[in-house]
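Visitor: Please give me a close look at a single part of this model, namely how its helices pack. I would like one connected account, with the cut-offs stated.

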Amino acid sequence: SVNTLQNLANATDGLNVPNMEKMGFGNIIDIKGVSKTDNPTASYGILKMKSKGKDTTTGHWELMGLELENPFKTYEKFGDEIINEFIKRTHCKGILGNYPASGTKIIEELNNEHQKTKFPIIYTSADSVFQIAVDIDIIPVEILYVWCQIARNILDEKNYGISRVIARPYQIIDNKPTRIGGLRHDYSVEPPKDTILNILEKNNKKVLGIGKIYDIFVGSGVSEKITTSGNTDGLNKTLDAIKTSDADFIFVNLVDTDMLYGHRRDAYGYKKAIEEIDSYIPKFLENMTDDDILIITADHGCDPTFKGSDHTREQVPYLMYSKNKNPENIGIKDSFVYVSEVIKNHLI
């Protein structure tokens, strides 16, 4: 059965996460390499997902207090009416692909054709996404972004129920089509109701989004954004923000864990990513004030030992460190919304 943490630890001979271990990570479930502790420094527990779905947008929205009753739609291929309208409005003359695929694979499969025709490569996944890949040495990245906005408009006008349009720029590096993660851009559907981010904004609190956060919420309730080119960059920018930002809430998404390792079923890469995150925890804690809290959780599973390349719908771990609150075992909460309640109680 799927279980990202347990299966990943078993497949890679255990996780080495001494800092999360002290917080009580090993008390949540049995994880190879992670000991249980009688004196956890953080509150710990498990969150169940209530919304229908297992994608990035659904998970992040629920963490911020918005449960979705209807899941976003997924597609095996996009219908002629969507594609024809896209070709008409972008003047791109044609498209390649239009099937579910791994992004790294499809650009390798269709790159030669793309070089000849200059047609964008369109693909989806088991997620609710409309992805557009181009070699930005042929089609400038600015044009790719315009095409993505056009796709977002088409999908919204007739409510096709697609969560995100994603710009996937790549270049040929050492004769190999290589995605440029730092130029990726997500065009999400807007949250249908207020989240805790909007509530904070109405209470004159400042929200800083690091990584994909601004895109996932289409800027709604996010006062300031910092983009990242991967996990290490995201962790460094988070540390910098803890030291210098005047934001009341810093909301961080570390995308590599999922994008580079979960989807590609790379258990060792995933292990390394989690261990890298763990190594930053002492630096975060020593730069926090007595009033700050640190929450570590996830928006869905992406079990690298499971078949396929899709997210896995799972319960997620929860850790919350606070200098002046006694650690507790919160047990199993029946919704990710619990996180938004903790934030609200802390800040408002």
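Guide: Angles under 35 degrees count as roughly parallel, over 145 as roughly antiparallel, 65 to 115 as roughly perpendicular and the rest as oblique. The model is predicted, so local features need pLDDT of at least 70 and side-chain atom pairs pLDDT 80 or more, while totals for chains, interfaces and linings use all residues. Numbering starts from 1 along each chain as its sequence is written, and side-chain values use heavy atoms, without hydrogens and water.

The part to look at is helix α12, residues 267–287 (helices are DSSP runs of H or I with at least four residues, strands runs of E with at least two, numbered from the N terminus). Helix α1, residues 4–11, packs with α12 at an angle of about 110 degrees, the axes being 9 Å apart (lines fitted to C-alpha atoms, for helices over the stretch in contact; angles run from 0 to 180 degrees between N-to-C directions). The two helices α1 and α12 are therefore roughly perpendicular. On the α1 side the contact (heavy atoms within 4.5 Å) uses Thr 4, Leu 5, Leu 8 and Ala 11, and on the α12 side Ala 267, Tyr 268, Tyr 270, Lys 271 and Ile 274. By class, this contact of α1 with α12 has seven nonpolar residues, one polar and one charged (nonpolar: Ala, Val, Leu, Ile, Met, Phe, Trp, Tyr, Cys and Pro; charged: Asp, Glu, Lys and Arg; polar: the others, Gly among them).

Helix α10 also packs with α12, at about 10 degrees and with axes 10 Å apart, so α10 and α12 are roughly parallel. From α10 the contact takes Asn 231, Thr 232, Leu 235, Asn 236, Thr 238, Leu 239, Ile 242 and Lys 243; from α12 it takes Ala 273, Glu 276, Ile 277, Tyr 280, Lys 283, Phe 284 and Asn 287. The residues of the contact of α10 with α12 divide into seven nonpolar, five polar and three charged.

One residue of α10, Thr 238, has a relative accessible area of 7% and is buried (under 20% is buried, over 50% exposed, in between partly exposed; 1.4 Å probe, protein chains only). Beyond its neighbours within four places in sequence, Thr 238 touches Ile 210, Val 252 and Phe 284.

Ahead of α12, in the loop between α11 (256–262) and α12, is Arg 265. Its phi is positive, about 55 degrees, although Arg 265 is not a glycine. Most residues other than glycine have a negative phi. Arg 265 is buried, at 18% relative accessible area.

The helix also belongs to the largest nonpolar core, which has 30 residues (buried Ala, Val, Leu, Ile, Met, Phe, Trp, Tyr and Cys joined through side-chain atoms within 4.5 Å). Met 20, Met 23 and Phe 25 have the most contacts inside that core. Elements giving two or more residues to this core are α1, α2 (18–23), α3 (25–28), β1 (43–47), α10, α12 and β12 (316–322). The largest share, eight residues, is from α12. Apart from neighbours within four places in sequence, Phe 25 contacts Leu 5, Val 17, Met 20, Ile 31, Val 34, Pro 317 and Leu 319. A second, separate core has 28 residues, including Ile 196, Leu 200, Ile 216 and Phe 249.
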